[in-house]
Amino acid sequence: MIPRGSRLAASIRMALAIAVCAAASRVARADAPAANAVGEPYETLETVLVTGSNIRRVETETANPIITIDRAAIDRSGKVTLGDLVQDLPVVAGPYTNPRVNVGGGTGASTISLRGLGSQRTLILVDGQRYLYGDANAIPAAAIERIEVLTDGASSVYGSDAIGGVVNFILRDNYQGVEFAANYGISDRDDGARYGYHFVFGQSSDTGHILAGVDYNKFEPVLASNREFSKQAAYYFYGAAHVIVVGQTPGGRIELPPSLQQQFGCKSVTLKALGVISNPPSLDDFRCYTHDDGYDRQGHGNLELTPQERSSAFVVGGYKLTDKVETYLEYFHNKTQSAFQVAPSFLDTAFGTLAISSKSFYNPFGVDYNNNSYFLRSRLIGNGNRVANSSTSADQATAGFKGAIGDSTWQWNAYMNYGHYSQRGHTAGFIDVEELAGGLGPSYRDAAGHVVCGTDPALGGSGPIAGCVPIDIFNVLDPQTVAALDAASGNAFINVAYLERSYVAEANGTAFTLPAGTVSDAVVTENGAAVVKVLERKDPKPEDMAKEKDTLRTE
């Protein structure tokens, strides 16, 4: 005797199984011809692979929401990069980068974030295969037939990197002819010039096809200060715009001890005139700090459009070995030079280990400045803007065989997917405050009239410290201070390399037939490996500096 609960559970499982099979059969039912009410045959629809599934099905009956951008729409858009095109879709939201992202971007890459879930949760495919380098700009627009955007989650098919959705770039496979195009544009402010060209060659026949081409684009930078909407860092509060200013200002914002607060009638002071200071500094060189002394970093070197120079080459082809077997190859190469620029670096004793001694020759306030005492904030405009240059190289290749199994509905595909990209970054203008420690410590004027590090032996001190140069941090335009800060900024290089190999074998077709129609199935096996290597080095050798190409140069 079977317990009632077990019977009920078995009945529910059977009902669910029948419902799933019936739903699957309805998807594939159009594979067989049928007749309508007047006896005329229905049109037979070709089965295709739809983004978001490995099972072939009738495209017009898919339940998944898909946005399709065809070749004509790509041409009409006037966009020279695919990243600019896809990011205009309403479904793209949340954290993503593009050449308009200066802080946090600057690599020239355009990532895609569907439904605001982030680019790490949006899967990028090329002809249904994973695209290792997530930069949509690196895919040549001239090679694309259409773009399919699956706006629903597809983690059950592809994994956690497809929770937000999938973007599939479908390549041309029937192009015949030669195409050459050039483009040029410039803003009405005579900046932000862009120019480029592409060349495409294609040949197609009953036995195979090939498509190859090159693509080049260059974009000049646009300063944020050259546009009304971006020349100031602003936020909205109670319906009004307010400029965001920070206390790290070139004249300094220096907190006073209580005795001096009473003398000045305020809590913090700044220089009366930038770059003008007594030797040694005097309290008379300073006045009370006000909100108008704040520094608007947006208008001092930040970019609204970052520069980039991009070149790419591609070849896509396929050849029918027999009526049932075809071999194919897809290869892309891209190289991008890019940069970003932000306002000059700053010093702030409220963060890190920066400390200024009360015994410094250049400190007229008689108190220590560090994160446990009083604060000092300054903007280092004498050392220029902070800049970073990136050089990125990406390659992706897919090669394999595909075909049909006999006269059945089953098809198979076996391929290798190889991807590699490397990125080399160079930054300058960022200050290593630990290298300033000696110059900001105790210092005095010796008998010869020179200011030296250490304590005065005439007052019982230990004398000068060899190899140490005092820094007047209260005057950021002093040549000796600028030189000391330049020496502490150095140059930093970082190299990132990513390599991925995968081997995939898959098959799909009709599993069995039910009274309501057929049930399709897919079988996939995949193995592979990924390697990430990160190398960081500061103050490289002269030969390394000679090899570096500066996309952005600043005075």
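## Strand pairing in the sheet

In this predicted model, strand β2, covering residues 122-126, runs parallel to strand β5, covering residues 165-171, and the two are joined by 5 bridges. Within this pairing, L125 has N168 of β5 as its bridge partner.

Strands β2 and β5 belong to an open sheet of 5 strands with mixed pairing, in which the order is β1-β4-β5-β2-β3. The edges of this sheet are formed by β1 (66-70) and β3 (129-130), each of which pairs on one side only.

## Aromatic pairs and a cluster

Across the whole structure, a search finds 10 aromatic pairs. One aromatic pair is formed by Y197 and Y216, whose rings are stacked at 5.5 Å centre to centre, with 25° between the planes. Because Y197 lies in strand β7 (residues 194-204) and Y216 in strand β8 (residues 208-219), the pair ties together parts that are 19 residues apart in sequence. The two tyrosines can also be described by their accessibility: Y197 counts as partly exposed at 38% relative accessibility, whereas Y216, with a relative accessible area of 17%, is buried, since buried means under 20% relative accessible area.

Elsewhere in the chain, one aromatic cluster is made up of F286, F365, Y369, Y374 and F474.

## Charged groups over rings

Aromatic rings also appear together with charged side chains in this model. The charged end of R377 sits over the ring of F375, at 4.3 Å from the centre of that ring, while the charged end of K402 is placed over the ring of Y328, at 5.3 Å from its centre.

Conventions:
Residues are numbered from 1 along each chain as its sequence is written. This is a predicted model: local features need pLDDT of at least 70, side-chain atom pairs count only at pLDDT 80 or more; totals for chains, interfaces and linings use all residues. Side-chain values use heavy atoms; hydrogens and water are left out. Two strands pair if DSSP finds at least two bridges between them. Helices (H or I, at least four residues) and strands (E, at least two) are DSSP runs, numbered from the N terminus. Rings of Phe, Tyr and Trp (its six-membered ring) pair if their centres lie within 6.5 Å; planes under 30 degrees apart count as stacked, over 60 as edge-to-face and the rest as tilted. Buried means under 20% relative accessible area, exposed over 50%, partly exposed in between (1.4 Å probe, protein chains only). A charge sits over a ring if NZ of Lys or CZ of Arg is within 6 Å of the ring centre and within 35 degrees of the ring normal.
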